[in-house]
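Here are my notes on the model you sent round. Please read them with the coordinates open.

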Amino acid sequence: MTCIRHLALAVVILILAGCGSGSSTSTPASGILGLTLDDPATPTKIYVANADNQTIQAVDLTTNAVTTLAGLAGNAGLINATGSSARFYEPFAITKLAGDLYIADTDNFVIRKLTTVGVATTLAGSAGTTGSNDATGTSATFNISKGITGFGNFLYLADTYNQIIRKVDITTGAVTTLAGYAGTTGSIDNGTGSSARFNYPFGLTTRDGSNIYVADTLNQTIRVVSSAGAVTTLAGSAGNAGSTDATGTAAKFNYPAGIAIDNAGLNLFVADSSNHVIRQIVIGSGVVTTLAGTAGSSGSTDGSGAAARFNTPIGLAIDNASNLYVTDQLYTKIRKVTTAGVVTTLAASF
């Protein structure tokens with residue numbers, strides 16, 4: 001039994017535990033987590049970071065056929081190569097930017113670049129070396145990055161164990177810290193740059209790079225980080241888990257994980273993992289509602305709204321029509337959720 005699978009009973013353990021050092025590669029189980037679409041306007045495939053399997057996979061959205069783009073099932077490591085010759089170590093989060101895929105290769109402590117024909121290289125970070133150095137390429141260091149998004153020439157990372165939000169220039173590999181203070185957690189510390197605090201930031205998303213939305217998981221909040229590093233809280237009550245649909249700090253989450261923004265920049269969607277639901281947040285008002293699932297009720301039922309069931313939803317991707325794709329069922333299935341809250345399960349096997 002691999003690390004993600006046996007830690008999946010509580011998302012807080014998934015976040016806090018160091019999976020790599022104790023994981024086995026003898027059985028290449030599935031631990032699908034991060035998702036990204038090939039083209040949000042007209043998606044034909046979805047790319048999957050399969051952390052336990054040590055691979056990057058692709059799902060054909062017409063046939064549901066699953067193929068492996070890079071990595072070899074059950075074989076962890078760091079090798080920059082093509083296809084099955086490449087190696088990853090718990091690839092956790094993935095995004096598509098400027099025609100290429102970028103991966104938070106979590107237990108290698110690096111950010112990888114992967115072309116859509118499967119050529120893997122290392123953009124930033126030093127394999128096997130943890131830290132919080134702001135520098136370029138292999139001189140930069142990370143500590144268990146579990147969220148990644150991007151816009152233009154920049155990636156934005158939830159450098160989870162460092163408790164900070166990082167920025168990476170994909171043209172140079174230069175890494176800077178946008179907000180938070182490395183190694184220091186906090187719950188109500190809104191501020192700019194190093195004066196702000198997070199508590200195990202996880203998923204993040206942006207539409208235009210001007211605001212980065214962060215699922216601040218152990219704080220049970222959704223935070224906003226401006227391009228200047230100013231941090232505010234959009235919704236949720238720091239340190240107070242729950243499932244309340246309300247506005248701003250009156251709303252409650254239970255370990256929010258993945259997060260996505262719609263094409264219009266008006267709404268956020270959150271995989272509220274331990275509530276087993278998908279939430280929607282109106283950005284302008286902070287109003288939080290439940291789009292699909294029933295809080296506290298796990299399961300696998302396809303259906304509409306509260307009749308649907310999830311089991312620890314984690315990763316999110318969104319197309320331009322606001323259809324959501326969700327990693328679910330303890331990281332073994334992908335679900336699709338429409339804007340009306342209708343949930344179906346992709347017939348794809350991992």
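The points below run from the pocket to the cores and then to single residues.

1. Status. This is a predicted model. Please keep that in view for every value below.

2. The pocket. The largest pocket has a volume of about 770 Å³. Its lining counts 40 residues. Thr36, Thr95, Thr149, Thr205 and Ile318 are the ones nearest the centre. Six strands each give two or more residues to this lining: E1 (32-37), E5 (91-97), E9 (145-151), E13 (201-206), E17 (256-261) and E22 (316-318).

3. Lining chemistry. How do the lining residues of the largest pocket divide into nonpolar, polar and charged? The split is 20 nonpolar, 14 polar and six charged.

4. The main core. The largest nonpolar core has 16 residues. Tyr213, Ile222, Leu234, Leu268 and Ile281 touch the most other members. At least two residues of this core come from each of strands E14 (211-216), E15 (221-226), E16 (231-235), E17 and E18 (267-272). Another core lies apart from it, with 15 residues, including Leu123, Ala140, Leu157 and Ile170. As a general point, nonpolar side chains tend to be buried together in soluble globular proteins.

5. Leu234. Which residues does Leu234 touch, beyond those up to four places away in sequence? The list is Tyr213, Ile222, Arg223, Val224, Gly248, Leu268, Ile281, Ile283 and Gly286. Of these, Tyr213, Ile222, Leu268 and Ile281 were also named among the best-connected members of the largest core.

6. Leu157. This residue belongs to the other core and sits in strand E10. Leu157 counts as buried because its relative accessible area is 0%, and the cut-off is under 20%. Neighbours within four places in sequence aside, Leu157 contacts Ile111, Phe142, Gly147, Ile148, Ile164, Ile165, Arg166, Val168 and Leu204. From Leu157 to Val270 the C-alpha separation is 17 Å, with their positions 113 residues apart in sequence.

7. Asp159. Asp159 is also placed in strand E10 (154-159). Is Asp159 buried or exposed? It is buried, at 0% relative accessible area. Its side chain is joined to that of Arg166 by a polar contact of 2.6 Å. Beyond residues up to four places away in sequence, Asp159 touches Thr141, Phe142, Asn143, Ile144, Ser145, Ile164 and Arg166. Phe142, Ile164 and Arg166 appear in the contact list of Leu157 as well. Thr290 is 131 residues from Asp159 along the chain, and their C-alpha atoms are 28 Å apart.

8. Asn190. Here the setting is a loop, between strand E12 (175-179) and E13. Asn190 counts as partly exposed because its relative accessibility is 41%, and that class runs between 20% and 50%. Which side chain makes a polar contact of 2.9 Å with that of Asn190? The partner is Arg223. With residues up to four places away in sequence left out, Asn190 touches Arg223, Val231, Thr232 and Thr233. Asn190 and Thr233 are 43 residues apart along the chain, yet their C-alpha atoms are separated by 7.2 Å. Arg223 is also touched by Leu234.

9. Gln280. Strand E19 (277-282) holds Gln280. A side-chain polar contact of 3.2 Å links Gln280 to Asn267. Setting aside neighbours within four places in sequence, Gln280 is in contact with Asn267, Leu268, Phe269, Val287, Val288, Thr289 and Leu291. Leu268 was named above in the largest core.

10. Positive phi. Please look at the backbone in two places. Glu90, in the loop between strand E4 (66-70) and E5, has a phi near 60 degrees, a positive value in a residue other than glycine. Glu90 is buried, at 2% relative accessible area. Tyr200 also has a phi near 60 degrees. Tyr200 lies in the loop between E12 and E13. Why does Tyr200 count as buried? Its relative accessible area is 18%, and the cut-off is under 20%.

11. Gly242. Gly242 is in the loop between E16 and E17. Not counting residues up to four places away in sequence, Gly242 touches Lys252, Phe253, Asn254 and Asn275. Its C-alpha atom is 25 Å from that of Asp262, 20 residues away along the chain.

Technical notes
Residues numbered from 1 in each chain as written. Predicted model: local features only at pLDDT ≥ 70, side-chain atom pairs only at ≥ 80, totals over all residues. Heavy atoms only, no water. 1 Å grid on protein atoms, 1.4 Å probe; cavity = no way out; pocket = protein on both sides within 12 Å on 5 of 7 lines; lining within 4 Å. Points joined across faces, edges and corners; volume = space filled by probe spheres on them. Helix = DSSP H or I, 4+ residues; strand = E, 2+ residues; numbered from the N terminus. Nonpolar A, V, L, I, M, F, W, Y, C, P; charged D, E, K, R; others polar. Core = buried A, V, L, I, M, F, W, Y, C linked by side-chain atoms within 4.5 Å. Buried < 20%, exposed > 50% of the residue type's maximum accessible area, 1.4 Å probe, protein only. Contact = heavy atoms within 4.5 Å. Polar contact = N/O pair within 3.5 Å; in protein donor to acceptor, adjacent residues only side chain to side chain.
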